[in-house]
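Me: Please go through some local features of this model with me, one question at a time.

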Amino acid sequence: MLLGESRAAPVRPKLHRNFPNNVLLKMSRPQAEQGVVLTAYTSNTETVLAVGCKEQTEFTGASRKTGQYNVQRCRGPVAAPGPGSGKAPYQRCSSQDSLDEQVMVDYYKEVEIIQRSGDAETHEDLQLKMADEGEQEEAWLMEAGLATLFDESASGGEDSMALLSTLTRTQAAAVERRVETLKQTLRKRNKPYSVPDVREIFKPPPAAQSKQDEAESTERSGSGKLEEEGLGNGAGPDVSGGGADAETDINLEVSFSEQALIYKEGLKVTQPQSEADDRLPDFRVSQDKTGQTRVGDLSAEDMKKVRRLVLIEMSALFDTCGIEVKAHKALKVKVRESGLFGVPLSTLLEQDQRRIPGTKVPLILQHLMSHIEEQGLDTEGVLRIPGAATRVKAVCQELEHKFYEGMFPWESLKQHDAASLLKLFIRELPYPLLTVQYFNAFTSVLKLPTKKQQLQALNLLVLLLPEPNRDTLKALMEFFQRVIERKDRNKMTLNNVAVVMAPNIFMCKGFRSKISEEQEFAMATGTANIVRLLIRYQNLLWTIPKFILNQVRKHNTENQRKMNRDRAVKKLLKKMAYDRERASDKQERSNEAEGGFIRVQAPQFSMVSMAIQLTEDLKASDVLTRFLSQERSLSVKREDLCLYEMGGNIKERCLDEETYIKALLELNPSAEWVIKSIQH
């Protein structure tokens with residue numbers, strides 16, 4: 001498909017049929033969180049710049065510790081990974097400039113390029129449809145692992161009850177709301193239903209009532225401290241005065257929806273005042289002695305629980321703020337089963353993993369990003385200036401035939417053509433990168449009253465994305481960050497990149513034909529601001545909040561208690577010897593801990609275990625240092641080693657090197673400590 005125009009032809013973006021192309025573009029700063037509103041538009045002509053070319057490069061995967069995708073040079077076919085060394089991680093960009101007139105002109109230029117490429121017309125027959133009344137609630141309960149609340153024959157009843165026991169008041173309210181809606185829908189349809197009364201679902205045993213009241217009281221009082229500073233009105237800090245408000249703490253220990261409820265009950269939400277500069281706040285996560293947990297640090301089993309809890313929490317957050325988010329039905333699209341462009345992410349990764357095991361981001365996307373970096377991020381207008389349409393179409397076809405054989409001539413690929421191909425890849429995905437299911441939730445983020453709540457919602461939505469989508473989105477955000485870091489030369493600030501990429505990410509197939517021109521006009525700055533937040537705060541968005549992890553721990557503890565209680569006698573007899581041995585091991589670990597030592601195992605290496613003295617200041621990094629001092633013949637690099645917390649109330653967790661072991665031991669006294677290679 002064509003992506004842009006030839007160099008000789010000027011780009012004449014059009015906003016709507018109702019707006020002439022020669023009117024003046026004006027911006028006003030209203031009392032709103034989006035920062036700017038477009039009132040009119042004028043076209044602009046850009047000159048396409050030529051760039052040089054260099055050799056082919058290849059990504060080889062992501063580090064679970066840093067989350068950065070390392071790049072290695074590769075001269076051979078894609079089928080075999082090449083040797084080389086990774087690049088150093090890049091620092092976050094400090095650009096906070098607001099959306100202005102010129103960058104929004106670039107947004108509509110990009111829309112015009114997409115329209116002329118034929119994407120919108122080709123897929124005009126595709127329609128995104130909303131789920132029917134009741135269908136959304138039923139699908140939501142199933143995804144949250146609570147199918148037994150409307151289907152008694154569904155499996156996992158005990159697991160559902162364990163999950164329900166971990167919920168906060170706002171999360172429980174979100175479940176109750178959907179159960180009640182489903183009951184009303186079934187009643188209207190005159191269909192028999194077995195949905196229980198919500199008052200019975202969350203009714204605690206009499207003996208536990210007082211404890212629950214006490215716990216909720218404690219949670220309320222603890223959460224009340226959050227609103228002293230930082231929640232504000234979402235307008236960002238006063239940049240003229242500087243001071244302490246320039247940095248805002250993100251609390252990951254208390255439910256986001258609980259924080260929103262306290263904000264709603266205790267503060268009046270006022271519209272932000274007009275500012276000379278709509279600069280983004282500097283959010284930071286306060287230090288936690290038990291360590292931060294990032295995507296990829298947990299086992300698949302625990303991540304499944306994380307996703308269910310995050311879904312409930314995300315719905316609770318929107319419910320608390322009075323925002324209704326309706327999910328679209330899944331698109332029925334005829335997709336390609338092989339190739340590079342227009343192939344589902346999951347299919348693409350399957351064929352890539354057959355060539356390079358462990359691939360998390362499509363190889364073609366990795367190569368395009370690497371090529372743009374190698375050919376020079378200093379090129380002015382990179383990502384913004386389109387490549388020549390006929391040439392891009394020809395290159396796209398050539399890649400389809402030669403990429404996997406390693407025969408594609410990367411040295412001849414021009415810089416702007418590569419950028420156009422990257423945008424084409426994202427836009428041609430048969431299912432949007434942000435998924436059909438959560439598309440409306442992403443576009444509704446800016447309806448939340450504060451920047452902090454918007455950031456919290458994005459954090460939850462990122463965690464809800466399927467793994468291929470989440471990993472691909474992360475790689476893209478990291479790439480955009482590296483582009484922005486060279487803004488002094490390439491003139492691509494945070495806002496420039498955001499407005500150019502927004503239509504490519506949000507104009508998914510079937511969506512353009514569903515919205516009106518007025519809606520598209522209103523979405524322009526909104527979607528650009530969402531992309532801006534994704535890039536600016538990416539170091540926070542791929543973090544699993546501690547309150548979610550604590551709920552997973554409680555969930556695991558409840559499951560273990562039920563399993564122990566319901567285990568059959570014959571199974572107990574078979575495991576008596578094993579249990580005695582395990583009990584002996586636990587007692588030994590307990591004695592060691594009480595004596596001021598922990599035992600660390602390294603079964604992957606020659607050292608079976610080692611005893612380390614437990615102190616208040618002992619960190620995971622200290623344990624790794626001690627291990628490396630005794631295992632000097634290791635071929636594994638320090639950055640590829642991780643200390644894992646295993647067992648007890650967590651399945652497996654790769655520890656942040658700043659984790660304080662004693663603090664974590666108090667949280668999970670039955671844990672075992674194991675050193676493993678991250679790639680293992």
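Me: Which residues of α9 do Phe-256, Ser-257, Ala-260, Leu-261 and Lys-264 in α8 meet?
Reply: This is a predicted model, in which local features need pLDDT of at least 70, side-chain atom pairs count only at pLDDT 80 or more, and totals for chains, interfaces and linings use all residues. Residues are numbered from 1 along each chain as its sequence is written, and side-chain values use heavy atoms, with hydrogens and water left out. Contact means heavy atoms within 4.5 Å, and helices (H or I, at least four residues) and strands (E, at least two) are DSSP runs numbered from the N terminus. The α9 residues met by this group in α8 are Glu-313, Ala-316, Leu-317 and Thr-320.

Me: How do the residues of the contact of α8 with α9 divide?
Reply: Ala, Val, Leu, Ile, Met, Phe, Trp, Tyr, Cys and Pro count as nonpolar, Asp, Glu, Lys and Arg as charged, and the others, Gly among them, as polar. The contact divides into 2 charged, 2 polar and 5 nonpolar.

Me: At what angle do the axes of α8 and α9 cross?
Reply: Axes are lines fitted to C-alpha atoms, for helices over the stretch in contact, and angles run from 0 to 180 degrees between N-to-C directions. The axes of α8 (residues 256-266) and α9 (residues 300-320) come within 8 Å, and their crossing angle is roughly 10°. That makes α8 roughly parallel to α9, since angles under 35 degrees count as roughly parallel, over 145 as roughly antiparallel, 65 to 115 as roughly perpendicular and the rest as oblique. The angle is roughly 10°.

Me: Which cysteines form a disulfide?
Reply: A disulfide is a pair of cysteine sulfur atoms within 2.5 Å, and a search of the whole structure finds 1. Its sulfur atoms are 2.2 Å apart, and the pair is Cys-642 and Cys-654.

Me: How many residues apart in sequence are the parts that Cys-642 and Cys-654 tie together?
Reply: The torsion about the S-S bond of Cys-642 and Cys-654 is about 120°, so this disulfide is right-handed. Cys-642 belongs to β11 (residues 641-647) and Cys-654 to β12 (residues 650-654), so the parts tied together are separated by 12 residues.

Me: Which strands stand at the edges of the open sheet of 5 strands?
Reply: The order is β10-β9-β13-β11-β12, with mixed pairing; two strands pair if DSSP finds at least two bridges between them. Two of the strands have a single partner each, so one side of each is left without a neighbour in the sheet. These edge strands are β10 (609-613) and β12.

Me: Which side chains of β9 are buried?
Reply: Buried means under 20% relative accessible area, exposed over 50%, and partly exposed in between (1.4 Å probe, protein chains only). Along β9 (residues 597-601) the side chains alternate, and Phe-597, Arg-599 and Gln-601 point to a face where they are not buried. Pointing to the other face, and buried, are Ile-598 and Val-600.

Me: What stands opposite Val-600 in β13?
Reply: β9 and β13 (residues 672-677) run parallel and are joined by 2 bridges. Opposite Val-600 stands Trp-673.

Me: Which residues does Thr-472 touch?
Reply: Thr-472 lies in α16 (residues 467-484) and counts as buried at 1% relative accessibility. Leaving out residues up to four places away in sequence, Thr-472 touches Leu-345, Lys-360, Val-361, Pro-362, Leu-365 and Leu-433.
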